Number of protein chains: 2
Amino acid sequence: MTDLTSRQKIILSLIVHEHTRTAQPVASKTLIEDYGLHISSATVRNEMNTLAELGFIRQPHTSAGRVPTEEGYRFFVSKLVQQTALPSATRNTITHQFYQSRRGLDHWLPLAASVLANQSQAVSLVTAPHSEKIAFKHIELISTRGSQVLMVLVLVGGEIRQQLLALDEVYSQESLSQTANQFNLNFENKSLRQIEALEPSTEPLVLQILAAILDQMHLTEELVTGELFLDGLSNVLSTPEFAASNQERSPLRLLEERPMLNDLLSRTVLTEDIGGVQVLIGGEGTWQELRDCSVILTRYGIQDQLSGMLGILGPMRMPYGQAISAVRFVGDLLSDLVTDTLIE
Amino acid sequence: MTDLTSRQKIILSLIVHEHTRTAQPVASKTLIEDYGLHISSATVRNEMNTLAELGFIRQPHTSAGRVPTEEGYRFFVSKLVQQTALPSATRNTITHQFYQSRRGLDHWLPLAASVLANQSQAVSLVTAPHSEKIAFKHIELISTRGSQVLMVLVLVGGEIRQQLLALDEVYSQESLSQTANQFNLNFENKSLRQIEALEPSTEPLVLQILAAILDQMHLTEELVTGELFLDGLSNVLSTPEFAASNQERSPLRLLEERPMLNDLLSRTVLTEDIGGVQVLIGGEGTWQELRDCSVILTRYGIQDQLSGMLGILGPMRMPYGQAISAVRFVGDLLSDLVTDTLIE
DNA sequence: TTTAGCACTCTCCTTACGAGAGTGCTAATT
DNA sequence: AATTAGCACTCTCGTAAGGAGAGTGCTAAA
């Protein structure tokens, strides 16, 4: 069905390339002149007709040049795109930025977003890594004012949750520390289910802390992703794909409304293994907001343990080769960093 | 110099109001018809001439209606704007949203951004509270893998910093806890300067931890603001003030590039006391990116101890009354919450 | 199968023109 | 002195018409 001759593939690739560059319909003459094809424009037009019948390109109007269709981009991405690896100088610069200051995720995640945005000239998104299984690692109780206590909960994988508790009475820092230590001894590496199954203590302080721990662990479990980092918004402001559509249907709403974003991520990249890059073109009939956009996503982290997600969102007319390479590169980089600094 | 008659003030207010509503030049006839002025259009035009001479309004072209100038908005905001308090039902709903789940800042700050964006139909920004003086509150050392240790540092005010340390050798969790306790006993409430002045220990573990603590405290001290939360970006995508300008000059760049934002905040709201609302109209000659925009900012928190900042960024043509009220209201709300949950 | 040649179509730019909105000015009125 | 009715004037905006140019589709020849 989709058996294109190699010449047809070349022509489709060139149309995609040229249209990405100029945002204009591509004429047959442009192809042979600018890309040095040794065939005539009439031949190109004949091939274009075939491609149009297959649904890969279309004419905005009679006697206009050709524009790739959604299907055309899909075919291009799945069969024709050449991953134009980032120049090694660029790769070195980026790697260096990540490794020069081993400050940790709070530094790396915004940096990853910034790098992706710059490389792709689109909007980038990066989520903090999130554990597959929620398990207790460490707790700390810090007396603050009166009966108010700051609880800092560290989970296996390194997620940190904090909560301010208003306890029923004033406890000394000493007894708080003692209680925390009990929890640390008994709960280390225990999963949420295991903790829930334990015989509850009768001591009021322990009970209150336990409730808070379970509460936080439940909250964390329900999270689809960790914290979200965006960058490159100003890259797409002027593109018609983002601005023109009415506010209700803006692709950016997908990034601002967490339920929408969670839905998108759950149904795409979260079903994939780590390392695979997924390309979503034109909303795939499911997301109206993405009608004129494409999303490139990947998962990073450690399979079955800890993973976050990153990618870019841009107009459908996008340099896919570069963009896919950039996403893959930054994803691998973050996977390495997460592996090095895993808290287990 | 700027002594307007009360009728001139009314006319200016009406022009601002009508232009905010329609985004069109305002005709003299529109004013008397839609707002029921009991004077003739010719009189209104005479007054308009006076206002134009004072530089408060201008004509896009001869024989067109009038549009407020930057100066006009400035006068309007400083002398004429009426704070249209949020309807009490809205206030209750919002307050309820904040108080119903006392989850803490990680919940309140995005909520504040969301509320501001909805109320103003502009972009909102909220920064996490940041201490005026950096002081040690509590430290925790958690053994993870091999010689890797997770340090969790809590500062007075409640800021939490984490860092993964690669120590020179493997220490047991016991000795780590012991060391942490030493720090907690000796350093509580000590400022960065006080800690730096202390006689250094000779024990290698203590030295390494101390270096990390000082490092994190220095990093925190250099921070102008805490973490940044944005919302409402899709509100402004379609407005010409944001989209039309070229990418380099987009007002959104000010929000994406931290140095720019820090500069803006340092030179405006950070010089003010908590509670005051500052309105920046048209970049005030300093920020080219804001040529067609206005920014409304306030500081929240506890004077001289802990403060963050919040506000909105929208087109210059903006319902100032509502926007200022919303910013003030949410600011006060966050101030109360921060006061209630202060870690001291 | 490829290609030269050419008529045809559609966009886009320019010009022209009229309707309509809104003003500025003058002279009359309060 | 302040206000207003009246009216000519100016500028925008929408529509229509015409022409240039880009690009195609098709046919017939190579």
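**Exercise 1.** How many residues does the contact take from chain B, and how many from chain A?

*Solution.* Start with the count: in this predicted model, 40 residues of chain A and 40 residues of chain B take part in the contact. Next, turn to the area, where the two chains bury about 3,700 Å² between them, with 55% of it on carbon and sulfur atoms. Then consider the polar side of the interface, across which 16 residue pairs are in polar contact, both residues of each pair being at pLDDT 80 or more, while the count of salt bridges between chain B and chain A is zero.

**Exercise 2.** Work out which element supplies the largest share of the side of chain B that touches chain A.

*Solution.* List the candidates: β5, β6 (148-155), β7 (160-166), α10 (233-236), α11 (240-243), α12 (253-256) and α14 (320-340) of chain B each supply at least two residues of that side. Among these, β5(B) gives the largest share, five residues. Finally, sort the residues of this side by character, which yields 14 nonpolar, 16 polar and 10 charged.

**Exercise 3.** Describe the second largest pocket and its lining.

*Solution.* Begin with the space, about 620 Å³. The lining has 27 residues, and those closest to the centre are Glu140(A), Ser177(A), Asn181(A), Ser177(B) and Asn181(B). Then assign the elements: β5 (136-143) and α7 (173-187) of chain A, together with β5 (136-143) and α7 (173-187) of chain B, give two or more residues to the lining. By character, the lining of this pocket divides into seven nonpolar, 12 polar and eight charged residues.

Note on methods
Residues are numbered from 1 along each chain as its sequence is written. Chains are lettered from A and ligands numbered from 1 in the order in which they are written. This is a predicted model: local features need pLDDT of at least 70, side-chain atom pairs count only at pLDDT 80 or more; totals for chains, interfaces and linings use all residues. Side-chain values use heavy atoms; hydrogens and water are left out. On a 1 Å grid over the protein atoms alone, a cavity is a set of points where a 1.4 Å probe fits but cannot get out, and a pocket is an open set with protein on both sides within 12 Å along at least five of seven lines; lining residues have an atom within 4 Å of a point. Grid points are joined across faces, edges and corners, and a volume is the space filled by probe spheres set on the points. Helices (H or I, at least four residues) and strands (E, at least two) are DSSP runs, numbered from the N terminus. Ala, Val, Leu, Ile, Met, Phe, Trp, Tyr, Cys and Pro count as nonpolar, Asp, Glu, Lys and Arg as charged, and the others, Gly among them, as polar. Contact means heavy atoms within 4.5 Å. Buried area is the accessible area (1.4 Å probe) that two parts lose on being put together, summed over both. A salt bridge is a side-chain nitrogen of Lys or Arg within 4 Å of a carboxyl oxygen of Asp or Glu. A polar contact is a pair of N or O atoms within 3.5 Å; within protein, one must be able to donate a hydrogen and the other to accept it, and residues adjacent in sequence count only if both atoms are side-chain atoms.
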